[in-house]
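User: Please take a close look at the salt bridges in this model. I would like the pairs, their distances and their burial.

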Amino acid sequence: MNENFFAYISRMRYIGRWSLMRNSLPENIQEHSHMVAVFAHALGVIRRDVFGKPCDPNAAAAVALFHDSSEILTGDLPTPIKYHSADIREAYKQVEDLACRQLLNTLPPELRPAYEELLVGETQEQLHDLVKAADKLSAYVKCIEERKAGNNEFLSAEKQSRRTLEESGMPEVAYFLEHFIPAFEKDLDELGTIE
């Protein structure tokens, strides 16, 4: 059947993240993908408007929206397993690619090329660095939120995520860390009201 794609995508909300950790604030891949899209768009705007490099922030956001869609079929493999070795990483990449191609087959043929670009195509490859950085930013913000909620379970993940972001060598990430991350430490009263 070639009309199941969006029904599958809507099931992203059933796939939990951080399964090996005690969560104060549960998160699913639909929520996560939304924040990754917001951050990827921001990094794309920063790349284009601050650093003057060609970038399509809208395409970055679209790729990010679908970046974990393979997990609808595979589930969310915990990070310690996924990144345990190069062999496991490569094997899981093949599983993710297969899952994405299976999802694409649930679209009518005339729609497949547009979504193939977002899931496994050239657009996805060109924007991989931004989406990967946005994914790491989302994880880092999740760790900050858990710490603020009194959950110390995420302290080492927070340090590791911050270190990875700082060592990325991406000026867009450094800009985001400097200008926007401090606000995530504030509560609503400290953020103030919109005037």
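Analyst: The salt bridges come first, then the nonpolar core.

This is a predicted model, in which local features need pLDDT of at least 70, side-chain atom pairs count only at pLDDT 80 or more, and totals for chains, interfaces and linings use all residues. Residues are numbered from 1 along each chain as its sequence is written, and side-chain values use heavy atoms, with hydrogens and water left out.

Side chains of opposite charge can pair when their charged atoms come close. Here a salt bridge means a side-chain nitrogen of Lys or Arg within 4 Å of a carboxyl oxygen of Asp or Glu. The structure holds ten of them.

Start with R47 and E172. Their side chains form a salt bridge at 2.6 Å, N to O. R47 sits in helix α2 and E172 in helix α11, so the bridge ties together parts 125 residues apart in sequence. Helices here are DSSP runs (H or I, at least four residues), numbered from the N terminus. Relative accessible area sets the burial classes: buried is under 20%, exposed is over 50%, and partly exposed lies in between (1.4 Å probe, protein chains only). R47 is buried at 12%. E172 is buried too, at 1%.

Next, E116 and R101. The closest N and O atoms of this salt bridge are 3.2 Å apart. The pair links helix α7, which holds E116, to helix α6, which holds R101, across 15 residues. E116 is partly exposed, at 31%. R101 is partly exposed as well, at 35%.

R147 and E185 make another salt bridge, 2.6 Å from N to O. R147 lies in helix α9; E185 lies in the loop between α11 and α12 (188–191), 38 residues apart. R147 has 27% relative accessibility and counts as partly exposed. E185, at 36%, is also partly exposed. Shared partners join R47, D129 and E172 into one salt-bridge network.

Now the packing. A nonpolar core is a set of buried Ala, Val, Leu, Ile, Met, Phe, Trp, Tyr and Cys residues joined through side-chain atoms within 4.5 Å. The largest core has 42 residues, and F5, L43, L137 and I181 touch the most other members. Elements that give two or more residues include α2 (29–50), α6 (86–104), α7 (112–119), α9 (128–148) and α11 (171–179). The largest share, eight residues, comes from α9. A second, separate core of five residues includes W18, A139, C143 and A157.
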